[in-house]
Amino acid sequence: MSTRVLIIPEDFRKDQYMLKPVVQAMLDALGKSNARVRVCQEPLLGGIGQALAKDRLGEIFEIYSGMVDLFLLCVDRDCIESRRERLDNRQQWAAEEHDCVLLAENAWQEIEVWVLAGHDLPVEWAWEDIRCECDPKEIYFLPFARQRDVSNTPGDGRKVLAEEAARCYTRIRQLCPEDVANLEANVGNWLEENGYE
């Protein structure tokens, strides 16, 4: 049976363009190219507060019950070190209270960094600086989108740049070990334990 995956972003309106191609590439790398990946658009979550709110997550689990095998909650870390603890809490709560599988990850420091990881960047940019920057979207991603002349495409360049980046998924995994590689390992373990194709 093919795996049905629902990605839960902080706000799908821009994040969908980045998360779907990267997660699909991740599943391809895990040998699950037939997995069906969707991004949660209903209900619309308006930021990190709602994405971590138990009532909103519970609503999503209820709506998609029976239609989804694996829920992936992907949010920004925003330089908040305690975010991982909250995500772990939500994973445990989902299993205990809703009998569903939620795997959660926080991008260091924003999901836009995953997209940047799949590109050849300006030589004057240091990757360590990008990973540590609390506002990489403003400092790096948006200028890169302007430089590539894709700012006026869907998601302010996110769709074009993420689709290109996903073709270099191995590089994304290597440059983002704390988040992308960690999520891939967790998804891979879950797939293996549950016999999904």
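Q: In this predicted model, about how many helical turns separate arginine 84 and aspartate 88 in helix H4?
A: Let's start with the pair itself: arginine 84 and aspartate 88 form a salt bridge, with their closest N and O atoms 2.9 Å apart. Both residues sit in helix H4, which covers residues 83-98, and they are 4 residues apart. That spacing therefore corresponds to about one helical turn.

Q: Is arginine 84 buried, partly exposed or exposed?
A: The class between buried and exposed begins at 20% relative accessible area and ends at 50%. Its salt-bridge partner, aspartate 88, has 36% relative accessibility and counts as partly exposed. Arginine 84 comes out at 23%, so the residue is partly exposed.

Q: How are helices H1 and H8 oriented relative to each other, roughly parallel or roughly antiparallel?
A: Helix H1 spans residues 12-29 and helix H8 spans residues 158-166; their axes lie 8 Å apart and make an angle of about 10°. Angles under 35 degrees count as roughly parallel. H1 and H8 are therefore roughly parallel.

Q: Which kind of residue has no member in the contact of H1 with H8: nonpolar, polar or charged?
A: On the H1 side, the contact is made by Lys14, Tyr17, Met18, Pro21, Val22 and Ala25, while H8 brings Arg158, Lys159, Ala162, Glu163 and Ala166. These divide into 7 nonpolar and 4 charged residues, and the kind with no member is polar.

Q: How many residues apart in sequence are the parts tied together by aspartate 69 and arginine 4?
A: The side chains of these two residues meet in a salt bridge, at 3.0 Å from N to O. Aspartate 69 is buried at 14% relative accessible area, whereas arginine 4 is partly exposed at 24%. Aspartate 69 belongs to the loop between helix H3 and strand S3, and arginine 4 to strand S1, so the separation of the parts they tie together is 65 residues.

Q: Which helices hold glutamate 184 and arginine 173?
A: This pair also forms a salt bridge, with the closest N and O atoms 2.7 Å apart. Glutamate 184 is buried at 12% relative accessible area, and arginine 173 is partly exposed at 24%. The bridge ties together parts 11 residues apart in sequence, because glutamate 184 lies in helix H10 and arginine 173 in helix H9.

Q: Which residues do salt bridges with shared partners join into one network?
A: The structure holds 15 salt bridges in total. Some of them share partners, and the network they build joins Lys14, Glu112, Asp156 and Arg158.

Notes: Residues are numbered from 1 along each chain as its sequence is written. This is a predicted model: local features need pLDDT of at least 70, side-chain atom pairs count only at pLDDT 80 or more; totals for chains, interfaces and linings use all residues. Side-chain values use heavy atoms; hydrogens and water are left out. Axes are lines fitted to C-alpha atoms, for helices over the stretch in contact, and angles run from 0 to 180 degrees between N-to-C directions. Helices (H or I, at least four residues) and strands (E, at least two) are DSSP runs, numbered from the N terminus. Angles under 35 degrees count as roughly parallel, over 145 as roughly antiparallel, 65 to 115 as roughly perpendicular and the rest as oblique. Contact means heavy atoms within 4.5 Å. Ala, Val, Leu, Ile, Met, Phe, Trp, Tyr, Cys and Pro count as nonpolar, Asp, Glu, Lys and Arg as charged, and the others, Gly among them, as polar. A salt bridge is a side-chain nitrogen of Lys or Arg within 4 Å of a carboxyl oxygen of Asp or Glu. Buried means under 20% relative accessible area, exposed over 50%, partly exposed in between (1.4 Å probe, protein chains only).
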